[in-house]
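Work through the exercises below with the sequence and the structure side by side. Each task is followed by its solution in steps.

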Amino acid sequence: TLHDLAQAGNRTIVTTIHQPSSRIYQMLDKLLLMGQGHLLFYGDASAATDYFATIGYTMPYGMNPADYFLDVASGWSGEPQEEAGNLNATDPELKALLAAIAEKPYSRQSSRQRDIELASSYASTKEVFGHKWRSVKQGEDGQEGGELLGPRYHTQVYVICIRSLKERRFERFSSDSLFTVFFMAILCGILWFQAGVGASLATYVGAGDVAALLFFLVTFLSFNILFSSIFTFPNEKNMLLKEREAGMYPISAFFFGRTMADIPLDTLIPVTVTTIIYVMTGLKPTVDAFLLTMMVVLITCFTAGSLGLLIGAAFLNLKRAQSVATILMLTIMLTGGFFVRDIPVWLSWISYLSYIQYAWDALINIHLKGRVPECQDNACDDSLLAQVRYDDVGVQFGILMLMLTVLRFAVYLSLRFGAKSR
């Protein structure tokens, strides 16, 4: 039952119940009673009847507390009173009840249960770094205070990170998603089986096959992450807007919490798939090459995920985000240097924005540099190695990290200024 789950499972359960029985009412730990939009009572459910009795609303003997509180919240004002010669026992606007509560508000003795007193001491909100903090009207000395109340920043980041992990793990590691990526990994291993061994690289045809494999590796994994990331913020739009409007946390805490949650979720599948493809296709059999390949793939996936988050955060509309992602995906892929090598001059600048171009260049440097036979009498001016923009893998790593940082910062700005109620 919910009661057992709350007690043994250490969970907080919030429920709305219409006219519960007295037995069910006794299971409640806390009671929040509202009427006409006003807070009438919040505290221990067992103390509610005693409190209402002290302000003149005594519950009749033998009556169900739940029925009694519904009557009170609906405007029943106690014993009939004579007004202008007529007996009246109703108070539809709750004027008498609210006046009685204001005269003698409910307070709990325990220091852990000062929600009503604390709530009544809040002044206007103050926005700091995108977070609406509530400041206290009066301190202990009775003077106006500027102390900002709320959980610590690292606590907010931690809670959001854990919540994101629990929410996204089922989506990221669903049976359909796992079947797709592992099926493609095994299919690639079969199609390019042992294509990366030294004998296959003795010809330019074999080197071209390995280059195609490397291009497909970064393209497939990065686009898989990209399209899964664009659903993140549009699906959480309503929750994010409500929580930000309520001032539950600054937008930066949400951003860093989600970023921390994305690291393990977006790492496990690329590492596993890359390992399967690496072993089956017989790519360069050295530890350095394997680790460098894994770093390139992970940075590329994180960059693609950041681009997907940016698209989702910028539009917060799923259909529009999918359309934009499709256009950018095809543009990045076509300008990646594999399909079209002679890009028109007036469009050549787009290739410098393609993270796939830099990732593919880095993988070619790792796996093909020094292993492909040298060209004879200028017969291979347009060879794969001639298409590599930078010979130093460090430069390509630096560019990818720069793109990752810029995209992540753009995601924060989009959330900071775009995730607001209209």
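**Exercise 1.** In which helix is the place of Leu-191? Then decide whether Leu-191 is buried or exposed.

Solution. The model is a predicted one.
- Step 1: Leu-191 has its place in helix α8.
- Step 2: Its relative accessible area is 61%. The cut-off for exposed is over 50%, so Leu-191 is exposed.
- Step 3: Leu-191 belongs to a nonpolar surface patch with Phe-179, Phe-183 and Leu-187. Together the four residues have about 430 Å² of accessible area.

**Exercise 2.** Describe how the side chains are arranged along strand β1 (residues 30-35), and how β1 pairs with β2.

Solution.
- Step 1: Sort the side chains by face. Leu-31, Leu-33 and Gly-35 point to one face and are buried. Lys-30, Leu-32 and Met-34 point to the other face and are not buried.
- Step 2: Look at the partner strand. β2 (residues 38-44) runs antiparallel to β1, and 6 bridges join the two. Lys-30 stands opposite Asp-44 in β2.
- Step 3: Look at the connection. The two strands form a hairpin with 2 residues between them, and Gln-36 in the turn has a positive phi of about 55°.

**Exercise 3.** Which residues have the most contacts inside the largest nonpolar core, and which helix gives the largest share of this core?

Solution.
- Step 1: The core has 71 residues, and those with the most contacts inside it are Phe-233, Tyr-355 and Leu-415.
- Step 2: Among the elements that give two or more residues to this core are α7 (153-172), α12 (251-281) and α16 (393-418). The largest share, 14 residues, comes from α9.
- Step 3: Take Tyr-355 as a case. Beyond its neighbours within four places in sequence, its contacts include Phe-223, Leu-226, Ala-304, Ile-332 and Met-403.

**Exercise 4.** Trace the salt bridges between α7 and α12, starting from Arg-168.

Solution.
- Step 1: Arg-168 forms a salt bridge with Asp-262, with the closest N and O atoms 2.3 Å apart. Arg-168 is in helix α7 and Asp-262 in helix α12, 94 residues apart. Both are buried.
- Step 2: Arg-168 also meets Asp-266 in a salt bridge (3.9 Å, N to O). Asp-266 lies in α12 and Arg-168 in α7, so this pair ties together parts 98 residues apart in sequence.
- Step 3: Asp-266 meets Arg-172 too, at 3.4 Å, N to O. Both of these residues are buried.
- Step 4: Through shared partners, salt bridges join Arg-168, Arg-172, Asp-262, Asp-266 and Arg-408 into one network.

Technical notes: Residues are numbered from 1 along each chain as its sequence is written. This is a predicted model: local features need pLDDT of at least 70, side-chain atom pairs count only at pLDDT 80 or more; totals for chains, interfaces and linings use all residues. Side-chain values use heavy atoms; hydrogens and water are left out. A nonpolar core is a set of buried Ala, Val, Leu, Ile, Met, Phe, Trp, Tyr and Cys residues joined through side-chain atoms within 4.5 Å. Buried means under 20% relative accessible area, exposed over 50%, partly exposed in between (1.4 Å probe, protein chains only). Helices (H or I, at least four residues) and strands (E, at least two) are DSSP runs, numbered from the N terminus. Contact means heavy atoms within 4.5 Å. Two strands pair if DSSP finds at least two bridges between them. Patches are made of residues with over 30% relative accessible area and no salt bridge: like charges are joined within 9 Å, nonpolar side chains (Val, Leu, Ile, Met, Phe, Trp, Tyr) within 5 Å. Accessible areas come from the Shrake-Rupley method with a 1.4 Å probe; for residues, only the protein chains shown count as cover. A salt bridge is a side-chain nitrogen of Lys or Arg within 4 Å of a carboxyl oxygen of Asp or Glu.
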